[in-house]
Amino acid sequence: MLRRSVAAQTTALVVALVATVVLAGLAAAYAQARRAVTQQATTQVLAVAQSVAAEPEVVDGVRGRNTTGSLQTLAEGVRLRTGTDFVVIMSPQGVRYSHPDPAQIGKTFLGHTEAALAGGTVLEDYVGTLGPSRRAVVPVLHGPEVVGLVAVGVSKGDVDELMTAELVPLAVAGLVAGVLGGIGAALIARRVRRQTRGLSAGELQDMHDYHEAVLRSVTEGLVLVDTEGRVRLANDEARRLLGLEDDPSGALVADLGLAAPLVRAITDADAREDDLHVTDERVLVLNKSRAQRDGADLGSVVTIRDRTDLEELTGELGRARGLTEALRSQAHESGNRLHTMVSLIELGHPQRAVAFATEELERAQHLTDRVVDGVEDPTLSALLLGKAAEAHERGVDLVIDPDLAWPTGTASPHDVVTVVGNLVDNALDAVTGTPGERRVELTARTVGDRVELVVSDTGPGIPDEMRERVLERGFSTKPSDGVGGRGLGLALVRHTVTRLGGTLEVGPPPGGRVTVTLPLVSA
């Protein structure tokens with residue numbers, strides 16, 4: 001089945017509309033012109049008839065009945081001067097005293113005279129001896145008495161000739177209107193064809209339906225941005241990931257309340273691939289490419305994926321690997337201690353071997369007891385013991401506040417590992433390899449209805465100009481380790497803390513200091 005394009009259908013509709021309007025206008029103009037010509041003929045014959053009936057010579061003639069020749073001469077003179085087709089003077093009984101055809105004189109007038117005999121006027125179209133005509137019949141009065149009648153008429157052929165003369169400008173006007181309408185239809189069709197790409201209405205409907213279906217079904221966020229930085233389209237997933245409640249179509253990206261780095265990534269001219277961005281609630285992966293058609297730059301196509309869960313899982317994998325390394329370090333250190341004790345026994349110093357073993361056990365048990373006794377949350381206890389072993393292996397002094405207070409239920413085990421693990425890892429990385437004292441301190445206490453966690457270190461700290469940047473996107477000068485990359489630690493911590501209703505503050509140098517405040521969870 002042939003499917004006509006929207007442009008062709010529009011052209012057909014416009015042409016049909018223009019033709020209808022022109023024809024209707026011509027019909028109305030024709031009817032009006034016919035009425036005008038008929039009215040003109042009526043006015044003419046009525047005026048001539050009334051003028052002739054008022055002539056004293058006519059009044060005297062119809063009363064004396066001996067002046068037939070003079071009435072004929074008078075009537076023909078009037079007919080020739082006024083351009084009418086007949087001027088008939090007759091008796092009240094309709095007997096003609098004058099007629100363009102002398103043979104008709106003395107015969108009875110053909111037509112209606114009743115109204116004229118009653119003193120009125122007759123206006124009618126009638127077929128008489130000269131054919132169809134527009135005529136007027138008026139009485140000839142002598143006082144109140146009707147003493148005769150005068151009929152004046154114009155042939156319908158003459159009326160039609162006048163009508164034909166009127167039709168010429170009407171036809172020209174209709175032709176001009178038709179030409180202008182055709183030109184307008186062509187211009188409209190050209191514009192519609194350009195805007196609809198020559199597609200039919202069904203194809204446009206299918207395109208719209210599939211377009212809507214794709215936008216609703218894709219699992220990635222999709223944003224189309226024009227060259228001016230305005231959103232042209234954003235699907236439901238993009239609005240969810242970006243935290244937009246209303247449809248942003250037509251709004252500037254800069255006015256949507258997004259973080260500055262995210263706005264810059266969406267609106268600049270650079271192509272982006274797997275660009276990570278951390279918002280208050282999510283870790284997003286952004287890809288962007290330029291959109292072009294026929295060499296014209298239309299803007300950018302931006303896709304957004306939610307990597308929050310994956311990033312947290314990779315973070316947990318990295319922390320699990322760190323715990324594995326800590327266990328390996330402990331195993332290695334335990335092996336060294338065991339070899340030392342065996343060697344002391346073999347050298348004949350069993351007492352010194354026992355003292356060495358006892359001292360090591362007491363030190364390890366002291367750390368364990370202090371952590372377990374001070375921390376109610378078993379997840380945090382296990383995490384801190386592992387970090388203590390890792391710190392010892394790396395030559396860092398991890399100082400845990402003996403009065404550390406972390407009530408059970410302050411955060412889920414997953415969130416505890418994310419917040420405390422990342423902060424301690426960042427602190428250990430900051431002091432590892434630095435000259436001088438290498439110490440990391442961790443304290444936690446309850447302040448009113450909140451828990452305050454502070455992780456500080458003797459590293460170089462974070463300069464003031466980088467503190468906001470660290471919180472917005474994550475920041476690291478260390479190379480990627482292949483497990484989730486670098487630079488998202490503090491960003492993930494901020495994301496978790498914000499979700500839990502807390503706050504995060506990065507202190508100024510010297511040294512590094514991060515303070516996290518979380519609300520206490522009611523039992």
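Okay, let's start at the far end of the chain: strand β13 and strand β14, residues 512-519, pair in the antiparallel sense, and there are four bridges between them. Before I go on, keep in mind that this is a predicted model.

So, β13 itself. That's residues 503-506, and the strand has two faces: L504 and V506 sit on the covered one, T503 and E505 on the uncovered one. The pattern is the textbook one, since in a regular strand the side chains alternate between the two faces of the sheet. If you want a register point to click on, T503 stands opposite T517 in β14.

Now the turn. The hairpin of β13 and β14 has five residues between the strands, and G511 there takes a positive phi near 75 degrees. Right beside that, P509 and P510 are joined by a cis peptide bond, with omega about 5 degrees. P510 belongs to the loop between β13 and β14. Both things deserve a glance, because most residues other than glycine have a negative phi, and most peptide bonds are trans.

What does that proline stretch touch? Look at D464, which is found in helix α13, residues 464-473. Leaving aside neighbours within four places in sequence, D464 is in contact with P508 and P509. D464 and P508 are 44 residues apart in sequence, yet their C-alphas are 6.3 Å apart in space. Is D464 buried, exposed or partly exposed? Its relative accessibility is 49%, so D464 counts as partly exposed. The cut-off for exposed is over 50%, so please don't hang too much on that label.

Let's move to the other sheet region I wanted to show, around strand β4. That's residues 145-155, and the strand is mostly covered, with nine of its eleven residues buried. β4 has β3 as an antiparallel partner, over ten bridges. β1 also pairs with β4 in the antiparallel sense, this time over five bridges. For orientation, V88 stands opposite A151 in β4, and S133 stands opposite S155 in β4. The β3 and β4 hairpin has two residues between the strands, and G143 is the one with a positive phi, near 70 degrees.

Hold on to V88 and S133, as they come back in the next bit: cavities. How many cavities of 30 Å³ or more are there? The count comes to three. The largest has a volume of about 90 Å³. Its lining includes V88 and S133, along with F86, R96, H99 and R135, among others. β1, 86-90, and β3, 131-142, each supply at least two residues of that lining, and β3 gives the most, with three residues. By class, the lining of the largest cavity splits into five nonpolar, five polar and two charged residues.

One of those lining residues, H99, also leads us to E76. E76 is found in helix α3, residues 68-82. Leaving aside neighbours within four places in sequence, E76 is in contact with H99 and P100. Why does E76 count as buried? Because its relative accessible area is 16%, and the cut-off for buried is under 20%.

Second cavity, then. The second largest has a volume of about 60 Å³. Its lining includes V223, V231, A234, L242, P248 and I266. Two or more lining residues come from each of β6, 231-234, and α7, 236-242. α7 has the largest share, three residues. Here's the composition: eleven nonpolar, no polar and one charged. The residue R239 is on that lining list too. So put the two linings side by side on your screen: five polar residues for the largest cavity, no polar ones for the second largest.

To finish, the whole-chain numbers. The chain has 14 helices and 14 strands. Of its 523 residues, 38% are buried. Take contacts between residues at least 6 apart in sequence, and 55% of them join residues at least 24 apart. The D464 and P508 pair, at 44 residues apart, is a handy picture of that sort of separation. Finally, the accessible surface of the chain comes to about 28,200 Å², and 56% of that belongs to carbon and sulfur atoms.

Notes:
Residues numbered from 1 in each chain as written. Predicted model: local features only at pLDDT ≥ 70, side-chain atom pairs only at ≥ 80, totals over all residues. Heavy atoms only, no water. Buried < 20%, exposed > 50% of the residue type's maximum accessible area, 1.4 Å probe, protein only. Pairing = 2+ DSSP bridges. 1 Å grid on protein atoms, 1.4 Å probe; cavity = no way out; pocket = protein on both sides within 12 Å on 5 of 7 lines; lining within 4 Å. Points joined across faces, edges and corners; volume = space filled by probe spheres on them. Nonpolar A, V, L, I, M, F, W, Y, C, P; charged D, E, K, R; others polar. Contact = heavy atoms within 4.5 Å. Areas by Shrake-Rupley, 256 points an atom, 1.4 Å probe, with all protein chains shown as cover.
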